[in-house]
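Thanks for making the time this morning. I would like to walk through one model with you, taking the charged pairs to begin with and then the spaces and a sheet.

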Amino acid sequence: MTHYRLSTLGNGLRLITEEMPSLRSVSVGCWVDTGARDERANEAGASHFLEHLLFKGTDELSARQIAETFDGMGAESNAFTSKEQTCYWARLLDDDLPVGMRLLSEMLQRPAFRQSEIDSERQVVFEEINMREDDPQDSAFEAFSRTIHDGHVLGRPVLGTRESIGAMTRADLEGYWRRRYGPHSVVVALAGAVQHSRARELVEELFGEWSGGEVGHSFSENSPSSSVGLVERDTEQAHLVLGGAGMDRADERRWAFGILNLVLGGGMSSRLFTSIREERGLAYSIFSFNHSYADSGVWGIYVGTTPRQTAEVMELIDGQLSRLMDEGITAAELEKARGAARGALAMAMEDSQSRMVHLGREEICGLEHYSMDERLEHILAVDRSQVTEVARQLFSGPKTLGVVGPFAESDLTGYVT
């Protein structure tokens, strides 16, 4: 028996739910199959800008009315934008679901695009860009993403640029909304105190008359080369992101990579944390990560260290990558990583918001919906040879380095060759 129920309305909109009978709250997310990768030249940053604007009012509701209605129910509401999706969500009492759903449906289907609101929110986005640029860790990740995806749509910044946001018109924003928002590109996901039949009635009532055609994407493989993206800045700490080509989100090797990532830099007992922070005190923060997309992916390692210690830190990182390719992981590391993955999965699935995110993201991405037990089976099926093979496949390829710090590019090219 599946842990979820899925329906498709006549207009193409999908509804997916998971009932959690012990709760009195419900989380609802309206997932839109569009993000920074889908923007045209005059729309750079439009996905994120539009996410802001949809909270600024509809034909019948002002921004204040939307905010006061959510607040008056004690609800949490927000949205987020990525390179591939946009999600508008709320978490509220089950009795208040009809009101919350009505607000979200109005926001998605009938945004007002008032010029005064566009102009004021433009300044908010400028401040968000300023805040990201002021954070050297965020800047290092942006430099890494821009460099490893050079020439690919995934290299576009989600926030856009000051130039693109400053030049964006009402017609640009409304045109993007009309082109990318519609029933075929939306998944409504709910988890918590909700029955599928009742949710379908609500969604039919609120979204059933929405019309629009299917929405496509431009997919292409990303083939990064050895390169450095430097933001030269006179900082006390160097911020470095080293990585390479990874795997797309449907790759079956992702289960083995999850174990590999935990061993390499996924916690306080990981190899990188132990060797670089605990044993030598060379960094406060160091971790590894994986970002997967429809057509490609990246693996990476972030570390913050003083500039004079950069060479030693990078040598230690290279040594750990080489050791994993040559020797793999130990039986004890495999068991510890399995335990960490099981525990993290169990805790992540205990609240309605996490389950809603799993449901919505998997459905909008076209991934299989695994139950918790099925996920555990995949984790337990990973063996040491699979982890070693993934390490050799990923870590032997060209590497990219994103850096914020007081360097010249010539100081850094040796770390990616």
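**Salt bridges, spaces and a sheet**

Arg24, with a relative accessibility of 48%, counts as partly exposed, and I start there in this predicted model since Arg24 has a partner to discuss. The side chain of Arg24 meets that of Asp95 in a salt bridge, with 3.3 Å from N to O. Where do Arg24 and Asp95 lie? Arg24 sits in the loop between strand 2 (14-19) and strand 3 (25-32), and Asp95 in the loop between strand 5 (86-93) and helix 3 (97-109), so the pair ties together parts that are 71 residues apart in sequence. Asp95 itself, at 56% relative accessibility, counts as exposed, because the cut-off for that word is over 50%.

Let me turn to two pairs that are set within helices. Arg170 and Glu174 form a salt bridge whose closest N and O atoms are 2.9 Å apart, and both residues belong to helix 7 (residues 170-180), where they are 4 residues apart, about one turn of the helix. Is each partner buried or partly exposed? Arg170 is partly exposed at 32% relative accessibility, whereas Glu174 is buried at 18%, because buried means under 20%.

The other pair is Arg323 with Glu327, whose side chains meet in a salt bridge at 3.7 Å, N to O. Here too the residues are 4 apart, about one turn, both of them lying in helix 11 (residues 310-327). Arg323 has a relative accessible area of 35% and is partly exposed, while Glu327, at 58%, counts as exposed.

As a general reminder, side chains of opposite charge can pair when their charged atoms come close. How many salt bridges does the count come to in this model? The count comes to 30 salt bridges, and a network of them links Arg37, Glu84, Arg249 and Asp295.

Now for the spaces. The second largest pocket has a volume of about 320 Å³ and a lining of 16 residues, of which Ile129, Glu133, Glu142, Arg146 and Gly160 lie nearest its centre. At least two lining residues come from each of helix 4 (115-134), helix 5 (136-148) and helix 6 (162-167). If you sort the lining of this pocket by character, you find 5 nonpolar, 4 polar and 7 charged residues.

The structure also holds 1 cavity of 30 Å³ or more, and the volume of the largest cavity is about 50 Å³. Which residues line the largest cavity? They are Leu53, Lys56, Gly57, Ala112, Phe113, Arg114 and Glu117, which divide into 3 nonpolar, 1 polar and 3 charged.

I will finish with the sheet. This is an open sheet of 5 strands in the order 7-11-8-10-9, and its pairing is mixed. The edges are strand 7 (227-232) and strand 9 (286-292), each of which pairs on one side only. On average, neighbouring strands of this sheet are turned by 15° against each other, with direction ignored. At one edge, strand 9 is joined to strand 10 (residues 297-305) by 7 bridges, and these two strands run antiparallel. To pick out a position you can find on the screen, His291 has Val298 in strand 10 as its bridge partner.

Note on methods
Residues are numbered from 1 along each chain as its sequence is written. This is a predicted model: local features need pLDDT of at least 70, side-chain atom pairs count only at pLDDT 80 or more; totals for chains, interfaces and linings use all residues. Side-chain values use heavy atoms; hydrogens and water are left out. On a 1 Å grid over the protein atoms alone, a cavity is a set of points where a 1.4 Å probe fits but cannot get out, and a pocket is an open set with protein on both sides within 12 Å along at least five of seven lines; lining residues have an atom within 4 Å of a point. Grid points are joined across faces, edges and corners, and a volume is the space filled by probe spheres set on the points. Ala, Val, Leu, Ile, Met, Phe, Trp, Tyr, Cys and Pro count as nonpolar, Asp, Glu, Lys and Arg as charged, and the others, Gly among them, as polar. A salt bridge is a side-chain nitrogen of Lys or Arg within 4 Å of a carboxyl oxygen of Asp or Glu. Buried means under 20% relative accessible area, exposed over 50%, partly exposed in between (1.4 Å probe, protein chains only). Two strands pair if DSSP finds at least two bridges between them. Axes are lines fitted to C-alpha atoms, for helices over the stretch in contact, and angles run from 0 to 180 degrees between N-to-C directions.
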